[in-house]
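I opened this notebook to record what I looked up in the structure. The entries follow the order of my queries.

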Amino acid sequence: MLKNNTILSHESKVHGKINFPYAVYYSRIPLLLKNYPLHWHEEFEIICVMDGKLSVQVNSEKYECSQGDLVLIPPGAVHQIQQSGSETCLYFNILFKFSLLEPDEESYMYKKYFLPLLNENGIEHYITENSELGNELLPVVNHLIVDREKNYINQELVIKAKLFILIEKLQGAIKNDFPNVKDSSSISRLKPLIRKIDENYGEDISIADAADICAMSETYFMKFFKKMTGMTFVEYLKNVRLEKALMMLKSSPMSVSQIAEQCGFHNFSYFIRSFKTHFGVTPKQIRK
């Protein structure tokens, strides 16, 4: 069965188990949602495209990925996953915390092998299937994918062994100029705003408010946001609200009009039109 978990801004979901933070997800896009908005989490994530094409943004860089390609996302890196044109895509997400393999952040091993992978701009994010590094990583990634259905009980050592091999292979993704100073235009500057929207999406958030949260002038903020995300702030806010509304329609007993209001749509007709344009179905069709 395909898993389609909505990912929000600062993702607090536990991937795997608290005492074994590791998970593999099989996903499809679009499955109603065409876009998983900007978010970040504490796990290292590997996206492996199995079929079709996928658009992935990591920090300010955007990648058009095809079958066999990998995307490496360090902990804390802001990223989003989008449908590429009209393409359907099947892909896997592998997520794990470094603490699963090396809990002591002051250890020699952590500083040598794990710390370089934490730098948001210190590694190559996009690895193509036929590249030298892709040929190194794919067999290990495929092993983790194939074994995803196995019960983790009594398999923890096997999984950790494969993850250690993966960490060794990932050293090839570290940029030669590491450590480097992060680009001052990093999309990470938007983190306070992304969190604000996730926690208060139903409130009126003006461009002036958004610019103030990011400590920018309105003019600079509008250009910066469009450059970093590929859409205007107004478009982004509307998309987040629509995706929140979709989840509430699936899980909440509230009426459609109540959900629209709670998600910041004070004009009900506008909400219905926007919802159908975004998802291709009406809110009532979601509940059938």
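**Entry 1: burial of Leu249.** I began with the cut-off: a residue counts as buried when its relative accessible area is under 20%, as exposed when over 50%, and as partly exposed in between. I also note that the model is a predicted one. Is Leu249 buried or exposed? I found a relative accessibility of 4% for Leu249, which is under the 20% limit, and therefore I entered Leu249 as buried. Leu249 belongs to helix α7, which spans residues 233-251.

I then asked which residues Leu249 touches, leaving out those up to four places away in sequence. The list reads Val256, Ile259, Phe275, Pro283, Ile286 and Arg287. I also looked up the separation of Leu249 and Met216: they are 33 residues apart in sequence, and their C-alpha atoms lie 36 Å apart in space.

**Entry 2: nonpolar cores.** I recorded the general expectation beforehand: in soluble globular proteins, nonpolar side chains tend to be buried together. The largest nonpolar core here has 33 residues. Within this core, the residues that touch the most other members are Tyr22, Phe44, Ile94, Phe96, Leu163 and Leu166. Strands β1 (22-29), β3 (44-51), β6 (70-73) and β8 (89-96) each give two or more residues to it, as do helices α1 (108-118), α2 (132-146) and α3 (156-170). Helix α2 supplies the largest share, seven residues. I noted another core apart from this one; it holds 31 residues, including Cys65, Ile81, Ile259 and Phe279. Ile259 already appears in Entry 1 as a contact of Leu249.

**Entry 3: packing of α1 and α3.** How do α1 and α3 lie relative to each other, and at what angle do they pack? I read an angle of about 70° and a distance of 10 Å between the axes. The two helices are therefore roughly perpendicular to each other. I entered the crossing of α1 past α3 as left-handed. On the α1 side, Tyr113, Phe114 and Leu117 take part in the contact, and they meet Phe164, Ile167 and Leu170 of α3.

**Entry 4: salt bridges.** How many salt bridges does the structure hold? I counted six. As background, side chains of opposite charge can pair when their charged atoms come close. I followed up three of the pairs.

- Lys169 and Glu136 form a salt bridge with an N to O distance of 3.0 Å. This pair links distant parts of the chain, Lys169 in helix α3 with Glu136 in helix α2, 33 residues apart. Lys169 has 24% relative accessibility and so counts as partly exposed; Glu136, at 39%, is partly exposed as well.
- Lys162 and Asp147 form a salt bridge at 2.1 Å, N to O. Lys162 is in helix α3, whereas Asp147 is in the loop between α2 and α3, 15 residues apart in the chain. I recorded both Lys162 and Asp147 as buried.
- Asp198 and Lys244 form a salt bridge whose closest N and O atoms are 2.7 Å apart. Asp198 lies in helix α4 (residues 191-199) and Lys244 in helix α7, with their positions 46 residues apart in the chain counted as the separation. Asp198 is buried, with a relative accessible area of 17%. Lys244, at 11% relative accessibility, also counts as buried.

Notes:
Residues are numbered from 1 along each chain as its sequence is written. This is a predicted model: local features need pLDDT of at least 70, side-chain atom pairs count only at pLDDT 80 or more; totals for chains, interfaces and linings use all residues. Side-chain values use heavy atoms; hydrogens and water are left out. A nonpolar core is a set of buried Ala, Val, Leu, Ile, Met, Phe, Trp, Tyr and Cys residues joined through side-chain atoms within 4.5 Å. Buried means under 20% relative accessible area, exposed over 50%, partly exposed in between (1.4 Å probe, protein chains only). Helices (H or I, at least four residues) and strands (E, at least two) are DSSP runs, numbered from the N terminus. Contact means heavy atoms within 4.5 Å. A salt bridge is a side-chain nitrogen of Lys or Arg within 4 Å of a carboxyl oxygen of Asp or Glu. Axes are lines fitted to C-alpha atoms, for helices over the stretch in contact, and angles run from 0 to 180 degrees between N-to-C directions. Angles under 35 degrees count as roughly parallel, over 145 as roughly antiparallel, 65 to 115 as roughly perpendicular and the rest as oblique. A crossing is left-handed if the near helix is turned anticlockwise from the far one by less than a right angle, and right-handed if clockwise.
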